[in-house]
Amino acid sequence: MSRAPTAAGALVDALREHGVDRVFCVAGESYLSVLDALHDTPGIDVVTCRHEGSAAYLALADAKLTGRAGVCLVSRAPGAANACVGVHAAAESGVPLVVLVGAVSNGRTEQDSFQGLDPVRLFAAVTKAGWTVRTPDTAAPLVHRALRTAESGTPGPVVLALPQDVLAQPVAPTPVRPDPQQAAAASPADVEQAGQLLARARRPLLVAGAGLDSAVGRGLLREFAERHGVPVVTSNKHPHLLPNRHPHYAGQLSDAGSPGQLAELGQADLVLAVGTRLDWVTSRGRSFPPGPPERQPLVHVHPGAAPVPAVRRPTVGAACDPADFLRLLLPTEPAPWQERSAWTDRLHTAEVRRAAWRPTEAPDGVVFGAVVTALDELTGGDATVAVDSGAFTSWVLRHFRFGPRGRLLGLGSGSMGFGVPAGVAAALRGDGTVPTVVVTGDGGFLMNGTELVTACARRLPLLVLVANNNSYGSIHLHQQRLHPGRSVGTALSNPDFAKLADSFGALGLVLDRQEQAGTVLARALDHPGPVLVDIRTSLRHARAPLPT
């Protein structure tokens, strides 16, 4: 039932009708009418955040978890500018995000008015689209349009500007029902041609991406790999698409990989890239798959048409639902080639060898690989792990082997500060059956770590691991490589993170001896509320060494 007939009320009704059940915000006076309408909408959870950048990150992570557009609300110019980092990350990672920006009153944007920045123009370079609600009767239709646009084709961010004066104006109570979201159907001709290529391939390789990140997509991926004897390598930051201990898992394409891994994968005589854009990191700087097409045909399946020829011209380029494509290709008669089994075994064995922890000690702190290995053993890989950006992430990508109920939340953009907000979003969606773990660095934590307060306010079971080496470790390593002995701007002076966590209302622990890893993590995982572990890590071993 509709509430008071205002544009703000119609906007909130439209969100609810589209299935939005949670929004993230930093309250602002420019959209008080929307907050007032949300007060009367118990079906939408309003999560109060401490910074607009982390609000956007929370909404982005929520979108990754649900497969629907995440929604965040921010106020005019300063709030919108703060949210930019999350909008850029959504664009680079191909995640549906709708940013509702309170704006100055109609007609004042171009004047020298207080905070009179046009948010549509501000975000133009990193959004799929942007509109301004100029009249109250367009509020609901534009909300539906923004959500559909964010979720369709190649997913991405959309911005909707809400002039303050328009929100409070009356509007006729005529609800706009959202159109069902329909992905493009796979072409029978594309499926047939891909089936013919698959039948001839003795060493096929499937590169799985975010387009398969759903229960249906992951199930089809596993069934396809087993039926056709195809090894699976995942796109950057998506290792959870196939359980890592599965005999067909061949690792992921990330910047933690090695030339040896690329050489092994490059021996494929068919590459099926399904649900991935083959972005810069996944394609290893546009060097994978190496081709040429006559030796290594490429079948590239992605919902949006634009990214299909991004690496090189595919033999088959299908702009459609990736899971639907796999479903149609699945019944193809399995090829009789005996080579496939040996090929799959070889790739999986190589991945198992790369993932094995080789105990290493360091004089300057805990080697983070020992912590990740302990976490893997304690959870069996069944955990939601939100990773921030930094050199420490390489240890997670190497040694945490995601199980059937595990998943990774990470960004393709490499921006810092994502970890804690993403962990809070995951804990809000969690059902208590698997732990939610944030892995962040000391630099990243102090960007958006204040969202730990949000976890404390809701008593969320969230474990935050801070790899603390008093440095922007990744940049320090680059400096040492390019300018040996001339580090500047990377040393950090940090607070006592455990005491800081205690002051927030979380349990703060310290891990400064490697042999404590299992004991401290077990205690942290058993705690019913938020926990932060300050891990005094080695700067010398900030990054996992490249495997052979």
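Student: In which sense do β17 and strand β18 pair, and over how many bridges?

Tutor: Good place to start! Keep in mind that this is a predicted model. Here is the general idea: strands of a sheet pair through backbone hydrogen bonds, either parallel or antiparallel. In this case, β17 and β18 (residues 531–536) pair in the parallel sense, over five bridges. To find one place to look, go to V510, which stands opposite D534 in β18.

Student: What is the order of the strands in the open sheet that holds β17 and β18?

Tutor: Six strands form that sheet, in the order β14-β13-β15-β16-β18-β17, with parallel pairing. β14 (407–409) and β17 (507–511) stand at the edges; each has a single partner strand, so one side of each is left without a neighbour in the sheet. On average, neighbouring strands here are turned by 20° against each other, direction ignored.

Student: Which strands does helix α19 touch as it packs on the sheet?

Tutor: Helix α19 (residues 497–504) touches β16 (462–468), β17 and β18, and its direction makes about 170° with that of β17. Now look at helix α20 (residues 517–526): it packs on the sheet too, touching β16, β17 and β18, with its direction at about 170° to that of β17.

Student: Let me try another sheet. Which strands stand at the edges of the one with the order β9-β8-β7-β10-β11-β12?

Tutor: That open sheet also has six strands and parallel pairing. β9 and β12 (316–319) stand at its edges, each with a single partner strand, so one side of each is left without a neighbour in the sheet. Its neighbouring strands are turned by 15° against each other on average, direction ignored.

Student: How many bridges join strand β7 to strand β8?

Tutor: Three bridges join β7 (residues 204–208) to β8 (residues 232–234), and the two strands run parallel. One pair to find is A208 with its bridge partner in β8, T234. For the helices, see how α9 (residues 215–228) lies across β7, β8 and β10 (270–274), running at about 175° to β7. Helix α11 (residues 322–329) packs on the sheet as well, touching β7, β10, β11 (298–302) and β12; its direction makes about 130° with that of β11.

Student: Now for the empty spaces. How many cavities of 30 Å³ or more does a search of the whole structure find?

Tutor: The search finds four. In the largest cavity lies about 140 Å³ of space. Twelve residues line this cavity, and the closest to its centre are Q252, A256, E351, L397 and R398. β9 (249–252), α12 (339–355) and α14 each give two or more residues to the lining, with the largest share, three residues, coming from β9.

Student: And how much space lies in the second largest cavity?

Tutor: About 70 Å³. Its lining includes H18, D21, R22, E151 and R429. By class, the lining residues divide into three nonpolar, three polar and six charged.

Student: Which residues are the closest to the centre of the second largest pocket?

Tutor: This pocket holds about 810 Å³ of space. Of the 44 residues lining the pocket, S389, G390, A391, S474 and R543 are the closest to its centre. The elements giving two or more residues to the lining are α14 (393–399), α16 (442–448) and α18 (473–482), and α18 provides the largest share, six residues. By class, the pocket lining has 16 nonpolar, 21 polar and seven charged residues.

Technical notes. Residues are numbered from 1 along each chain as its sequence is written. This is a predicted model: local features need pLDDT of at least 70, side-chain atom pairs count only at pLDDT 80 or more; totals for chains, interfaces and linings use all residues. Side-chain values use heavy atoms; hydrogens and water are left out. On a 1 Å grid over the protein atoms alone, a cavity is a set of points where a 1.4 Å probe fits but cannot get out, and a pocket is an open set with protein on both sides within 12 Å along at least five of seven lines; lining residues have an atom within 4 Å of a point. Grid points are joined across faces, edges and corners, and a volume is the space filled by probe spheres set on the points. Helices (H or I, at least four residues) and strands (E, at least two) are DSSP runs, numbered from the N terminus. Ala, Val, Leu, Ile, Met, Phe, Trp, Tyr, Cys and Pro count as nonpolar, Asp, Glu, Lys and Arg as charged, and the others, Gly among them, as polar. Two strands pair if DSSP finds at least two bridges between them. Axes are lines fitted to C-alpha atoms, for helices over the stretch in contact, and angles run from 0 to 180 degrees between N-to-C directions. Contact means heavy atoms within 4.5 Å.
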